[in-house]
Amino acid sequence: MLGVSRGTLRTALQRLEQSGEIVRRQGSGTFVGRVATPTAFVEGLERLEPYSMLARRRGVKLGVRDVAIEDRPIGPDVAVKFELDPDTVVSHVSRLVLAGGEPAAHMTDVVHPSIALPSASALRRAFERGEMILDVLIGQGVPIAFATTRVLPRLITPRENIGRLFGVTRTTAVLELEETIHVTSGEVVHHSSDLFGPGGMDLHVVRALDVERPAQVNPAGGENGPARRSGGRAR
């Protein structure tokens, strides 16, 4: 029917099976596999923007679940970034972000105590609208300048609370983004730890060579082709 050899067809089916688009069961046949769903977020690390904007561009509706806002000591790791005493009590904001109704990320945010956050009820309403803490800070006029981000691999299990939130049934690899956000003076005003579940984040980085100008394709020639030697013929 297709006008191709059996070898070509076999190779094509193997590739479809590897991508999960078909499932082959010996003695039963070949079946359509589960269609892969697009990730909730696609991010390039070169540009700082709220996840709400990334989701909006992809047409993904964000929701929220299990919001927790509590005051507790900042701890030594984040205290160093904020240049505060580890016993300083600050608000920790955590929640499970839903994309299209499914768990996509668990986010925990800490904001420098010099910046007054909205009330807990106002924050919950902002999260329900699909907004992030970064949206809130920008809306308050905080002069956000840049962020430093660490990308860390992590394993979660069904026995952990985070594993139960994501609904995993076995040990699963996830992606953690630890980010510190700076204002124009260079001071750190926001620290976040975001854990993206399976299918939650498609991360990419665009890199370029550090050169002052593009190299010439044909250094010896001009616009009209190779340079000629004076007094002779071009060969």
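**View 1. E83 is an exposed residue in the loop between helix 3 (76-82) and strand 5.** The relative accessible area of E83 is 72%, where exposed stands for values over 50%, buried for values under 20%, and partly exposed for those in between (1.4 Å probe, protein chains only). The model shown is predicted, and local features therefore need pLDDT of at least 70, side-chain atom pairs count only at pLDDT 80 or more, whereas totals for chains, interfaces and linings use all residues. Residues are numbered from 1 along each chain as its sequence is written, and side-chain values use heavy atoms, with hydrogens and water left out. Helices (H or I, at least four residues) and strands (E, at least two) are DSSP runs, numbered from the N terminus. Most residues other than glycine have a negative phi. In E83, which is not a glycine, phi is positive, near 55 degrees.

**View 2. D66, in strand 4, also has a positive phi without being a glycine.** Its phi is about 55 degrees, and with a relative accessibility of 43% the residue counts as partly exposed.

**View 3. Six strands form an open sheet with antiparallel pairing.** The strand order is 4-5-6-9-8-7, two strands being taken as paired if DSSP finds at least two bridges between them. Strand 4 (62-73) and strand 7 stand at the edges, and because each has a single partner strand, one side of each is left without a neighbour in the sheet. On average, neighbouring strands of this sheet are turned by 15 degrees against each other, direction ignored; axes are lines fitted to C-alpha atoms, for helices over the stretch in contact, and angles run from 0 to 180 degrees between N-to-C directions. Within the sheet, strand 5 (residues 89-99) and strand 6 (residues 102-111) are joined by eight bridges in the antiparallel sense, and H92 stands opposite V110 of strand 6.

**View 4. Helix 4 (residues 120-128) lies across strand 4 and strand 5.** The helix runs at about 150 degrees to strand 4, and its buried residues are L123, A126 and F127. Seen down the helix axis, these residues fall within an arc of 100 degrees, so they line one face of helix 4; the arc is that of the directions from the helix axis to the C-beta atoms. The buried residues of helix 4 pack against strand 4, strand 5 and helix 5 (133-139), with contact meaning heavy atoms within 4.5 Å. After helix 4 comes G130, with a positive phi near 90 degrees.

**View 5. R95 lies over the face of F127.** The distance to the ring centre is 4.3 Å; a charge sits over a ring if NZ of Lys or CZ of Arg is within 6 Å of the ring centre and within 35 degrees of the ring normal.

**View 6. One aromatic pair is counted.** Rings of Phe, Tyr and Trp (its six-membered ring) pair if their centres lie within 6.5 Å, with planes under 30 degrees apart counted as stacked, over 60 as edge-to-face and the rest as tilted. The pair consists of Y51 and F196, which are edge-to-face, 5.4 Å centre to centre with 70 degrees between the planes. The two residues belong to distant parts of the chain, Y51 to helix 2 (residues 51-57) and F196 to strand 9 (residues 188-196), 145 residues apart. Y51 is buried at 7% relative accessibility, and F196 is buried with a relative accessible area of 1%.
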